[in-house]
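Work through the three exercises below with the sequence and the 3D view open. Each task is followed by a solution in steps.

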Amino acid sequence: MAGAFQAVQISDHVYWVGAIDWGIRDFHGYSTSRGTTYNAFLVMAEKIALIDTVKAPFEEEMFSRIASVVDPARIDVIVSNHSEMDHTGCLPSALTRVKPEKVFASAMGAKALSDHFHLDREITVVKEGEPLSLGNMDLAFIETRMLHWPDSMMSYLAEDEVLFSQDAFGMHLASSGRFADEIDRNVLRQEATRYYANILLPYSPLVTKLLEKVQSLGIPISILAPDHGPLWRRDIETPPLWYGEWASQKPTKKAVIVFDTMWQSTAHIARAIEEGLAGAGVDVRIMPLASCHRSDVVTEVLDAGALLVGSSTLNNNMLPRVADVLTYLTGLKPQHLVGTAFGSFGWSGEAVGLVADRMQAMRIEPVGDTLKVRYVPDAAALDACRALGREVADKLKRICDDS
Ligand code: FEO
C-alpha cells in the first residue's frame with residue numbers, strides 16, 4: 001500500500017496528507033452516513049511540520065501521502081491540535097517512524113496525550129501568543145478550550161494564510177475532491193449542520209465567543225482547513241456564518257415530533273398533534289424512532305423551536321428508543337425549546353410522566369398538559385391531540401414573533 005496515495009498541495013507550503021474513510025457509518029453514536037476524512041497537513045517550511053495525524057487504521061495511507069512529498073524521516077516537528085484518537089491514533093507509531101525533534105500541543109493536550117499513550121517523551125506545551133518558529137515561517141496557536149475537548153486548539157500559518165481549525169468548521173463527509181467548492185453546496189450545508197448538531201451543540205456559547213475572538217484577531221484566511229471533510233479556499237466566510245446562526249439557537253416556527261409506538265396508538269396521537277401544529281402554520285417534522293436515527297433527530301432539533309416527545313408505556317417505563325434519544329439530546333443540550341410529552345398506555349401509564357420529567361430536566365419549557373390516551377385514541381382523544389398541537393403552535397409563534 002505504501003506509495004499508493006498522493007498528497008494534495010493546498011497552498012505554497014502546505015500539503016494535505018490525511019485519509020479518507022469511505023466506510024465509517026458510526027462515530028460513537030453519530031450516524032455518519034457519508035463517511036468522513038481525517039485531515040492531516042504537512043508544512044514544508046525549513047523545519048518540516050506535520051499538523052495532526054489520522055485514525056490508527058489509516059496510518060499507511062497518511063505515510064504514503066507524506067512520502068509522495070518528502071521522506072517522512074525528514075519531518076522535524078509534530079503539532080497536535082486535538083488529542084482525540086481520530087487525530088492522534090497513529091501518533092505513537094509516527095513518533096517511532098519520524099523521530100521528530102519535538103511534539104507540540106496545548107497544556108491540556110500534553111496531559112491528554114500522556115494519558116492516552118503513556119509516552120516516554122515530553123510533549124512541549126505551546127501557548128497562544130507564543131508562535132513556533134519553523135525557520136523561515138512561524139506557526140501561531142489559538143486556544144479553543146472545550147471546542148470540543150479541553151485540549152483543543154487551532155494553528156495558523158501566516159505565510160500561506162492557512163487556519164488549521166481542527167474539528168471546528170468540519171463535517172463528516174468522504175469525498176474525492178478535497179475542497180468545498182468541488183462539492184454540492186446542499187450536501188455541504190447538510191453535513192455541516194449534522195456535525196454541528198451532533199458534536200458542537202452543547203458548546204454553542206463558546207462557539208459564539210470563538211467567532212468573536214477569531215474576528216477580533218483580524219487574521220487573513222485564504223484556506224480554512226478543518227480536520228474533517230473538505231477544505232475551504234472560496235466562500236471562507238460561509239462556515240463561520242453557519243456557526244453563528246446555529247450557535248444562536250434562535251427558535252423558529254418549526255416543531256419536531258419524535259416518538260416510538262407499540263401498536264400505532266402513539267403514532268396516531270403524533271399525527272393528530274401534527275395536524276394541529278401544521279394547521280396553525282408551524283413547519284413540522286415527524287420522526288418515528290423505528291426509522292429515524294438519533295443523530296437525525298438532533299439535526300432537526302437544531303433549528304426547531306418546539307420538541308414533542310411521545311412514548312407508549314412498556315413495563316412501567318418509556319420505550320427503549322425514546323430513552324436512547326432523550327439521553328442523547330440531554331447531553332447535547334439544545335436550548336430555547338418549548339414542548340410536551342404524549343403517549344398511549346394500557347393500565348399503569350408511567351411513560352408520559354417519565355418523558356416529561358426528562359424534558360423538564362432538559363429545560364424544555366412545557367406547553368399545556370401532557371397528553372395520555374388509554375389503549376387506542378377515539379375521535380375525542382384525537383381532537384384533544386389537535387388542540388394540543390394548536391396550543392404549542394400558538395406559544396411557538398408568540399416566542400418567534402417576540403424574538
Ligand atoms: Fe475529530 Fe474531536 O475529533
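**Exercise 1.** In which sense do strand β15 and β16 pair, and over how many bridges?

*Solution.* The model is predicted, so work from its coordinates.
- Find β15 at residues 162-166.
- Its pairing with β16 runs in the parallel sense, over four bridges.
- Now place one residue: phenylalanine 164 stands opposite alanine 225 in β16.

**Exercise 2.** Are the faces of strand β16 covered or open?

*Solution.*
- In a regular strand, side chains alternate between the two faces of the sheet.
- Split residues 223-226 accordingly: Ile223 and Ala225 lie on one side, Leu224 and Pro226 on the other.
- Check burial: these four residues are all buried, and both faces of β16 are covered.
- For the wider setting, buried residues make up 56% of the 403 residues in the protein.

**Exercise 3.** Where is glutamine 249 found, and is glutamine 249 buried or exposed?

*Solution.*
- Locate the loop between α7 (238-248) and β17 (254-260); glutamine 249 is found there.
- Apply the cut-off: buried means under 20% relative accessible area.
- Glutamine 249 has 6% relative accessibility, so it counts as buried.
- List its contacts beyond four places in sequence: Leu201, Ser204, Lys333, Pro334, Gln335 and His336.
- Look at Gln335 again: its backbone nitrogen lies 2.7 Å from a polar atom of the glutamine 249 side chain.
- Set this beside the whole protein: of contacts with a separation of 6 or more, 73% join residues 24 or more positions apart.

Notes
Residues numbered from 1 in each chain as written. Predicted model: local features only at pLDDT ≥ 70, side-chain atom pairs only at ≥ 80, totals over all residues. Heavy atoms only, no water. Buried < 20%, exposed > 50% of the residue type's maximum accessible area, 1.4 Å probe, protein only. Contact = heavy atoms within 4.5 Å. Helix = DSSP H or I, 4+ residues; strand = E, 2+ residues; numbered from the N terminus. Pairing = 2+ DSSP bridges. Polar contact = N/O pair within 3.5 Å; in protein donor to acceptor, adjacent residues only side chain to side chain.
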